[in-house]
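Here is a short guided tour for the bench. Keep the viewer open beside the text and follow along at your own pace.

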Amino acid sequence: MQIGIATTKGKNGHYVSIVGTTNSDCTKFHSSVLKLNNGGNLPENFASKTFEHIAKKYYKKNLNAPDVIIVYREGLNEKQIMNQIKSC
């Protein structure tokens, strides 16, 4: 399974997006986008709930958990992404 996380700051505010593959061939995916209202801080449970949702979709389609999960990140520092993963 591959998961990508990106954050951006634009004229209309801060946004975070998460996309993850839901099959072993990495040809199907689920994505979520959230506009951040609190100065660009990621809500405490957004990433962990999205990761859980993607993992459940993966399991439902494949009837097993992924062997490996690769997380790509852009716009989050190492501490921020590790805090989100630990809250899963």
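Let us begin at the N terminus of this predicted model. Leaving aside residues up to four places away in sequence, Met1 touches Thr21, Ile54, Ala55, Tyr58, Pro66, Val68, Ile69 and Ile70. Met1 also belongs to the largest nonpolar core, where it is joined by Ile3, Ile5, Val16, Ile18, Leu36, Phe46, Ala47, Phe51, Ile54 and Tyr58, giving 11 residues in all. Strand 1, strand 2 and helix 1 are the elements that give two or more residues to this core. Helix 1 provides the largest share, with five residues. As background, nonpolar side chains tend to be buried together in soluble globular proteins.

**The chain as a whole**

With that core in mind, step back to the full chain. The chain has two helices and four strands, and read from the N terminus its elements follow the order β-β-β-α-β-α. The chain is 88 residues long, and 30% of them count as buried. About 6,000 Å² of the chain is exposed, and carbon and sulfur atoms supply 51% of that area. Among contacts with a separation of 6 or more, 51% are between residues 24 or more positions apart.

**The sheet and the helix on it**

How are the four strands ordered in the sheet? They form an open sheet in the order 3-2-1-4, with mixed pairing. Strand 3 and strand 4 stand at the edges with a single partner strand each, so one side of each has no neighbour in the sheet. From one strand to the next, the twist averages 10 degrees.

Strand 1 and strand 2 pair in the antiparallel sense over eight bridges, and these two strands form a hairpin with two residues between them. Strand 2 and strand 3 are likewise antiparallel, pairing over eight bridges. If you would like to find the register in your viewer, the table gives some residues that stand opposite each other.

| Residue | Stands opposite | Strand of the opposite residue |
|---|---|---|
| Ile5 | Ile18 | strand 2 |
| Val16 | Leu34 | strand 3 |
| Val19 | Ser31 | strand 3 |

Ile5, Val16 and Ile18 from this table are also among the members of the largest nonpolar core. Side chains in a regular strand alternate between the two faces of the sheet.

Which strands does helix 1 touch as it packs on the sheet? Helix 1 touches strand 1 (2–10), strand 2 and strand 3, and its direction makes about 25 degrees with that of strand 2.

**Around Thr21**

Thr21 lies in strand 2. Is Thr21 buried or exposed? Its relative accessibility is 10%, under the 20% cut-off, so Thr21 counts as buried. Not counting residues up to four places away in sequence, Thr21 touches Met1, Gln2, Cys26, Lys28, Phe29, Ile54 and Tyr58. Of these partners, Met1, Ile54 and Tyr58 are listed in the largest nonpolar core.

**Two residues with positive phi**

Most residues other than glycine have a negative phi. Cys26, one of the partners of Thr21, has a positive phi near 60 degrees. Cys26 sits in the loop between strand 2 (13–21) and strand 3 (29–36), and with a relative accessible area of 36% it is partly exposed.

Leu63 is not a glycine either, yet its phi is positive at about 60 degrees. Leu63 belongs to the loop between helix 1 (46–62) and strand 4 (70–74). At 66% relative accessibility, above the 50% cut-off, Leu63 counts as exposed.

**Asn62 and its partners**

One residue back from Leu63, Asn62 is found in helix 1. Asn62 counts as partly exposed, at 22% relative accessibility. Which residues does Asn62 touch, not counting those up to four places away in sequence? They are Thr22, Asn23 and Ser24. The side chain of Asn62 reaches the backbone oxygen of Thr22 at 3.1 Å. Asn62 and Ser24 are 38 residues apart along the chain, while their C-alpha atoms are separated by 7.5 Å.

Technical notes
Residues are numbered from 1 along each chain as its sequence is written. This is a predicted model: local features need pLDDT of at least 70, side-chain atom pairs count only at pLDDT 80 or more; totals for chains, interfaces and linings use all residues. Side-chain values use heavy atoms; hydrogens and water are left out. Buried means under 20% relative accessible area, exposed over 50%, partly exposed in between (1.4 Å probe, protein chains only). Two strands pair if DSSP finds at least two bridges between them. Axes are lines fitted to C-alpha atoms, for helices over the stretch in contact, and angles run from 0 to 180 degrees between N-to-C directions. Contact means heavy atoms within 4.5 Å. Accessible areas come from the Shrake-Rupley method with a 1.4 Å probe; for residues, only the protein chains shown count as cover. A polar contact is a pair of N or O atoms within 3.5 Å; within protein, one must be able to donate a hydrogen and the other to accept it, and residues adjacent in sequence count only if both atoms are side-chain atoms. A nonpolar core is a set of buried Ala, Val, Leu, Ile, Met, Phe, Trp, Tyr and Cys residues joined through side-chain atoms within 4.5 Å.
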